[in-house]
Number of protein chains: 2
Amino acid sequence: MDAKPYHHGDLRQALIQAGLEATRLGGPDALRLRDLARALGVSANAVYRHFEHRDALLDAVAAEILASLAREMRMREAGQFAHDRAIQRLRSVGLAYIAFARREPGWFSVAFFGAGRDGLLATPPAPPYAALTEALDDLVREGVLSSERRSGAQWLCWSAVHGFAGLVLHGPLRHCAAPEVDRLAERTVDAIIAGVMGTVRRADARRADRGMPDAPVQRSASEPAMP
Amino acid sequence: MDAKPYHHGDLRQALIQAGLEATRLGGPDALRLRDLARALGVSANAVYRHFEHRDALLDAVAAEILASLAREMRMREAGQFAHDRAIQRLRSVGLAYIAFARREPGWFSVAFFGAGRDGLLATPPAPPYAALTEALDDLVREGVLSSERRSGAQWLCWSAVHGFAGLVLHGPLRHCAAPEVDRLAERTVDAIIAGVMGTVRRADARRADRGMPDAPVQRSASEPAMP
DNA sequence: CACCGATGTGTACAGTGTGAACATTCGGTT
DNA sequence: AACCGAATGTTCACACTGTACACATCGGTG
């Protein structure tokens with residue numbers, strides 16, 4: 001009948017997991033140490049045995065989210081045919097970024113809108129950033145992008161999709177109908193790609209990726225619907 | 001010797017002004033009701049006679065900031081010659097947006113990163129948004145942009161500059177040297193413009209705007225330096 | 001002058017993150 | 001088996017936040 005063992009087992013990991021649930025809907029502000037502790041049947045200050053302060057926990061949560069996003073980016077890279085492959089790959093990275101932001105607004109905010117704290121964005125968030133730069137490098141290898149244009153191009157691409165995500169989540173596109181947002185997302189990604197490459201892509205090239213759903217990843221449990 | 005009159009005079013306006021000062025460096029989180037009240041020599045709860053809650057004050061502060069940004073956008077539109085004028089105008093709007101974000105990160109955050117609250121971004125922030133759409137309409141009038149491409153183009157443009165601002169303020173470009181950021185900002189704006197218009201701009205066209213400093217606006221008092 | 005609505009004050013409360021001292025348990029050494 | 005130190009969790013306390021309520025004070029209008 002020993003109701004609760006004094007030691008939790010792996011409180012650190014449990015906190016991160018609870019942090020993921022807590023922030024999923026409400027973003028960074030929804031993470032309250034006392035709530036997490038209570039949910040795990042543990043004293044409020046127990047948290048401080050594993051994280052120096054609240055932001056440290058938020059960073060750990062963000063790291064988990066970033067890894068998850070990178071996984072989705074790579075999922076999209078499947079099933080594309082020879083010639084356009086490199087461009088489609090870059091396109092997939094961008095669309096995956098936006099799709100993730102829309103499907104998991106809370107988590108996205110934790111990872112990329114750290115609101116005041118020196119979040120993971122300080123140093124490029126390793127996994128998704130790598131997916132982007134590798135896609136760009138691929139274009140160079142394929143001979144479609146000059147290495148002069150390549151330099152720094154990741155910032156231009158990231159700016160566009162990151163900004164679009166911001167407008168959709170916290171901005172004027174928040175109440176925009178989903179299909180319309182879909183179209184705008186594609187146009188944004190295509191526009192920045194065209195601008196970066198210095199070439200205008202033919203319209204028919206775009207249709208290749210069209211049929212693909214926004215998030216070809218098994219969704220976990222309850223997905224918060226976009227209103 | 002009546003040290004202090006019981007009534008402040010125009011507390012509402014004074015609160016907005018104090019809010020501007022408070023958020024200038026620290027962003028939305030730096031606005032604390034008690035601090036403002038103390039600074040104005042007034043009780044903490046006096047605030048509630050003029051604003052229903054904290055967020056209402058933040059919204060009022062944001063409105064002031066947005067008006068200020070729009071003013072700067074229009075400043076840039078001066079002194080451009082005939083033919084390229086329309087494109088330069090759009091370019092100015094974008095660069096002004098980014099310049100403002102860099103020069104006044106706190107205020108920019110209040111206006112565009114309302115962090116959780118349903119900020120002014122819900123409905124397009126009137127003044128700067130108007131500057132953008134008018135610049136785009138100008139391109140159509142000039143015959144440089146088809147009206148098909150025009151539709152929704154404001155979102156693509158806004159995404160790019162907004163995202164870039166995000167990367168510079170809270171993101172990986174935070175510790176990037178200013179001149180490098182300048183260059184990236186120009187490339188981002190030019191890339192999205194090219195992508196939106198479906199045409200690649202010639203390199204020499206870019207130099208026209210080069211000499212112009214980042215913020216041709218009289219700076220007020222102490223400008224927070226970029227590290 | 002008397003009143004009243006607008007504005008500012010005082011007190012109070014629930015909620016937050018966090019620090020310091022203390023309690024408990026686990027793992028390794030003797 | 002007995003011990004001890006390091007992890008880990010608890011308890012109490014504090015400063016700080018936004019905000020609700022009742023009361024005080026002013027300026028202007030009947």
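Start by selecting chain A, where you will find 10 helices and zero strands. What you have open is a predicted model, so keep that in mind as you go.

**Stop 1: chain A as a whole**

Colour chain A by secondary structure and follow the sequence from one end to the other: the pattern reads α-α-α-α-α-α-α-α-α-α. Now look at how the 227 residues of this chain are covered: 42% of them count as buried. If you draw a contact map, take the contacts in chain A between residues at least 6 apart in sequence; 70% of these join residues at least 24 apart.

**Stop 2: α6 and α8 in chain A**

Next, select residues 126–141 of chain A, which form helix α6, together with residues 153–169, which form helix α8. Their axes are 10 Å apart, and the two helices pack at an angle of about 125°. Because of that angle, α6(A) counts as oblique to α8(A). Turn the view until you look through one helix onto the other, and check the hand of the crossing: it is right-handed.

Now show side chains at the contact. From α6(A), pick A:L132, A:T133 and A:L136; from α8(A), pick A:A153, A:Q154, A:C157 and A:W158, which they meet. What is the chemical make-up of this contact, in nonpolar, polar and charged residues? The residues divide into five nonpolar, two polar and no charged.

**Stop 3: α3 and α6 in chain B**

Move over to chain B and select helix α3, residues 54–76, and helix α6, residues 126–141. Here the axes come within 7 Å and cross at roughly 25°. An angle under 35 degrees counts as roughly parallel, so α3(B) is roughly parallel to α6(B).

To see the contact itself, display B:L66, B:A67, B:L69, B:A70, B:M73 and B:R74 on the α3(B) side. Across from them, on α6(B), are B:P127, B:P128 and B:A131. The residues of this contact divide into eight nonpolar, no polar and one charged.

**Stop 4: α9 in chain B**

For the last stop, stay in chain B and select residues 178–197, helix α9. How far does this helix reach from its first C-alpha to its last? With 20 residues, α9(B) reaches 28 Å, close to the 28 Å expected at 1.5 Å a residue. Switch on the surroundings and you will see that α9(B) is mostly covered, with 14 of its 20 residues buried. Finally, step just past the end of the helix: α9(B) is followed by B:G198, whose phi is positive, near 75°.

Key
Residues numbered from 1 in each chain as written. Chains lettered and ligands numbered in written order. Predicted model: local features only at pLDDT ≥ 70, side-chain atom pairs only at ≥ 80, totals over all residues. Axes fitted to C-alpha atoms, helices over the stretch in contact; angles between N-to-C directions. Helix = DSSP H or I, 4+ residues; strand = E, 2+ residues; numbered from the N terminus. Parallel < 35°, antiparallel > 145°, perpendicular 65-115°, else oblique. Contact = placed C-beta atoms within 7 Å. Nonpolar A, V, L, I, M, F, W, Y, C, P; charged D, E, K, R; others polar. Buried ≥ 20, exposed ≤ 12 C-beta atoms within 10 Å, placed from the backbone. Left-handed = near helix turned anticlockwise from the far one by under 90°. Expected span 1.5 Å × (residues − 1).
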